Amino acid sequence: MILGQAMQGPRAGMEEQVLSWDEVQAWFKRIFLSGELMEGSQGNAERLSPVAAAHRILTNSFGLIPFGAYRKDGDARIPYEDEYLRRMLKVRPNDHMSPFMLRKVVMSNAFWHGFGAVWNRRDSAGQVIQRLPLPTECCSILKDPDSGQYWYEYNVDGVVKRFSNYELSFLFFETYDGTRPAAGSSSAAAGGW
């Protein structure tokens, strides 16, 4: 009997209280936000565990997807065997990243900014020698009024480089035209669209 009472501990009393909606919101702010209003930004969103979890799950899952090269033969897709391209996609896309990390970074850019891009850097013979992820927040999308061609201009640490779309591989989180992120995306890369 003494052991049973010791394990149960003291009995707690319960009190019901009706709260107004304003009081409930204040309680949530106090519990989750320490009473401070949070500005809507990527940094603040990353601190919210559901957003951070969604980002982590999505980027890690995308990073694990195996990629390969295929060529079209009529309606069929046939695996394209090229040892150099296989190495770029499956072993080492650049000197600093694994294929997993490259895909994770590109998906992270798409998650936060609406799209991610990879520069398929080529040598003088046209062979892809590196695949480098580009920071989406440093991108402006420009359209040539004469030709209608789109250009992707990146300004990274004061160095400006302009790419045509064939030099880049894109991953859009949402897009309606394959050129720009969807209007709902919070993208600094939208370049005033």
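## Cysteines

C138 counts as partly exposed, at 23% relative accessibility. The classes are set by relative accessible area: buried is under 20%, exposed is over 50%, and partly exposed lies in between, with a 1.4 Å probe and protein chains only. The model is predicted: local features need pLDDT of at least 70 and side-chain atom pairs count only at pLDDT 80 or more, while totals for chains, interfaces and linings use all residues. Residues are numbered from 1 along each chain as its sequence is written, and side-chain values use heavy atoms, with hydrogens and water left out.

How many disulfides does a search of the whole structure find? The result is zero. C138 is in no disulfide, and its nearest cysteine sulfur belongs to C139, 8.8 Å away. C139 is likewise in no disulfide; for C139 the nearest cysteine sulfur is that of C138, at 8.8 Å. The criterion is a pair of cysteine sulfur atoms within 2.5 Å. C139 is buried, at 2% relative accessible area.

## Sheet 4-3-8

Three strands form an open sheet in the order 4-3-8, paired antiparallel. Its edge strands are strand 4 (128-134) and strand 8 (168-172), each of which pairs on one side only. Neighbouring strands here are turned by 20° against each other on average, direction ignored. Axes are lines fitted to C-alpha atoms, for helices over the stretch in contact; angles run from 0 to 180 degrees between N-to-C directions. Strands (E, at least two residues) and helices (H or I, at least four) are DSSP runs, numbered from the N terminus.

Strand 3 (residues 115-122) pairs with strand 4 in the antiparallel sense over six bridges. Two strands count as paired if DSSP finds at least two bridges between them. R121 has Q130 in strand 4 as its bridge partner.

## Around F172

F172 sits in strand 8. Which residues does F172 contact, leaving aside its neighbours within four places in sequence? They are G114, F115, G178, T179, R180 and P181. Contact means heavy atoms within 4.5 Å.

A C-alpha distance relates F172 to V106. The two are 66 residues apart along the chain, and their C-alpha atoms are separated by 9.5 Å.

## Sheet 5-6-7

A second group of strands makes an open sheet of three, in the order 5-6-7, with antiparallel pairing. Strand 5 (139-143) and strand 7 (159-164) are the edge strands, and each pairs on one side only. The average turn between neighbouring strands of this sheet is 25°, direction ignored.

Strand 5 pairs with strand 6 (residues 150-156) in the antiparallel sense, over five bridges. S140 stands opposite E153 in strand 6. E153 also takes part in a salt bridge, with R162.

## Salt bridges

The whole structure holds two salt bridges. The test is a side-chain nitrogen of Lys or Arg within 4 Å of a carboxyl oxygen of Asp or Glu. In the R162 to E153 bridge, the closest N and O atoms are 2.8 Å apart. R162 is partly exposed, with a relative accessible area of 44%. E153 is partly exposed too, at 23%.

The side chains of E83 and R86 also meet in a salt bridge, at 2.7 Å from N to O. Where do these two residues lie? Both are in helix 5 (residues 83-90), three residues apart, about one turn of the helix. Are E83 and R86 exposed or partly exposed? E83 counts as exposed, at 54% relative accessibility. R86 counts as partly exposed, at 36%.

## Loops at G68 and Y80

G68 lies in the loop between helix 4 (49-64) and strand 1 (70-73). G68 is partly exposed, with a relative accessible area of 35%. The C-alpha atoms of G68 and E81 are 9.1 Å apart, across 13 residues of chain.

Y80 belongs to the loop between strand 2 (76-79) and helix 5. Y80 is partly exposed, at 40% relative accessible area. Y80 and G68 are twelve residues apart along the chain, with their C-alpha atoms separated by 8.0 Å. Not counting residues up to four places away in sequence, Y80 touches A69, Y70, R71 and L85.
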